[in-house]
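Dear colleague,

Please find below the structure that I am handing over to you, together with its sequence. My findings follow directly after it.

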Amino acid sequence: MKEITKAQEEILKAVWEIKTGAVSDVVDILPEPKPAYNTVATVIKVLENKGYVSHNTYGKTNVYYPLISKKEYAHHVAKEAFNGLFNGSISQMVSSFVRNRDISISELEELKKILETEIEKQKK
């Protein structure tokens with residue numbers, strides 16, 4: 001997966017939200033101040049060239065749709081951060097969030113359950 005900018009990511013999020021649509025549909029759901037139509041069209045073309053979206057043409061209108069899911073993209077971003085920022089160390093990553101109090105008690109309890117379940121699976 002090719003890296004994308006924050007602006008490209010925002011447009012991709014809009015495409016996920018509308019599922020399929022023309023450039024004008026993407027512009028409509030973007031927050032104020034809305035970027036220019038031509039800017040959004042250019043960003044969508046870049047996303048298409050990078051393999052994130054594609055389109056069907058109906059008359060003179062291109063209707064865009066995502067090629068990858070939000071879940072696939074999130075997995076890619078998390079994996080890149082994990083490998084890059086935390087040198088592939090899950091304990092470094094988790095301890096960074098825990099020590100900075102970025103994780104609530106309920107999230108910690110949920111994480112604990114996930115870990116306990118995974119430990120039991122791997123022991124078998």
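S54 is buried, its relative accessible area being 18%, which falls under the 20% limit for that class. Please note that the model is a predicted one, and that every value in this message is computed from it. S54 belongs to strand β1, which covers residues 53-58. Setting aside residues up to four places away in sequence, S54 touches E48, V63, Y64, Y65 and L67.

One of these contacts of S54, E48, also takes part in a salt bridge. The side chains of K45 and E48 meet with N and O 3.2 Å apart. Both residues are in helix α3 (residues 37-49), where a spacing of 3 residues separates them by about one helical turn. E48 is buried at 17% relative accessibility, whereas K45, at 35%, is partly exposed. In general, side chains of opposite charge can pair when their charged atoms come close.

Salt bridges

The structure contains 4 salt bridges in total. Besides the pair in α3, I would draw your attention to those formed by E9, a residue of helix α1. The salt bridge between E9 and K6 has its closest N and O atoms 3.8 Å apart. These two residues are 3 positions apart in helix α1 (residues 6-18), and so about one helical turn separates them. E9 also pairs with K13, the closest N and O atoms here being 3.9 Å apart. K13 and E9 are 4 residues apart in α1, which again places about one helical turn between them.

The partners in these pairs differ in their accessibility class. E9 has a relative accessible area of 12% and is therefore classed as buried. K6, at 64%, counts as exposed, and K13, at 36%, counts as partly exposed. For K45 in the other helix, the corresponding value is 35%, likewise partly exposed. Through shared partners, salt bridges join K6, E9, E10 and K13 into one network.

Surroundings of E9

Which residues does E9 contact once its neighbours within four places in sequence are left aside? They are I4 and Y73. The C-alpha atoms of E9 and V43 lie 9.5 Å apart in space, although the two residues are 34 positions apart in sequence.

Packing of α1 and α3

V43 is also among the residues of α3 that meet α1. Two packed helices are described by the angle between their axes and the distance between the axes. For α1 and α3, the angle is about 90° and the axes are 10 Å apart. The two helices are therefore roughly perpendicular to each other, since angles of 65 to 115 degrees fall in that class. On the α1 side, the contact involves A7, Q8, I11 and L12; on the α3 side, V40, V43, I44, V46 and L47 take part. Sorted by class, the residues of this contact comprise 8 nonpolar, 1 polar and no charged residues.

When you examine the model, I suggest viewing the network of K6, E9, E10 and K13 together with the contact of α1 with α3.

With kind regards

How values were computed: Residues numbered from 1 in each chain as written. Predicted model: local features only at pLDDT ≥ 70, side-chain atom pairs only at ≥ 80, totals over all residues. Heavy atoms only, no water. Buried < 20%, exposed > 50% of the residue type's maximum accessible area, 1.4 Å probe, protein only. Contact = heavy atoms within 4.5 Å. Axes fitted to C-alpha atoms, helices over the stretch in contact; angles between N-to-C directions. Parallel < 35°, antiparallel > 145°, perpendicular 65-115°, else oblique. Nonpolar A, V, L, I, M, F, W, Y, C, P; charged D, E, K, R; others polar.
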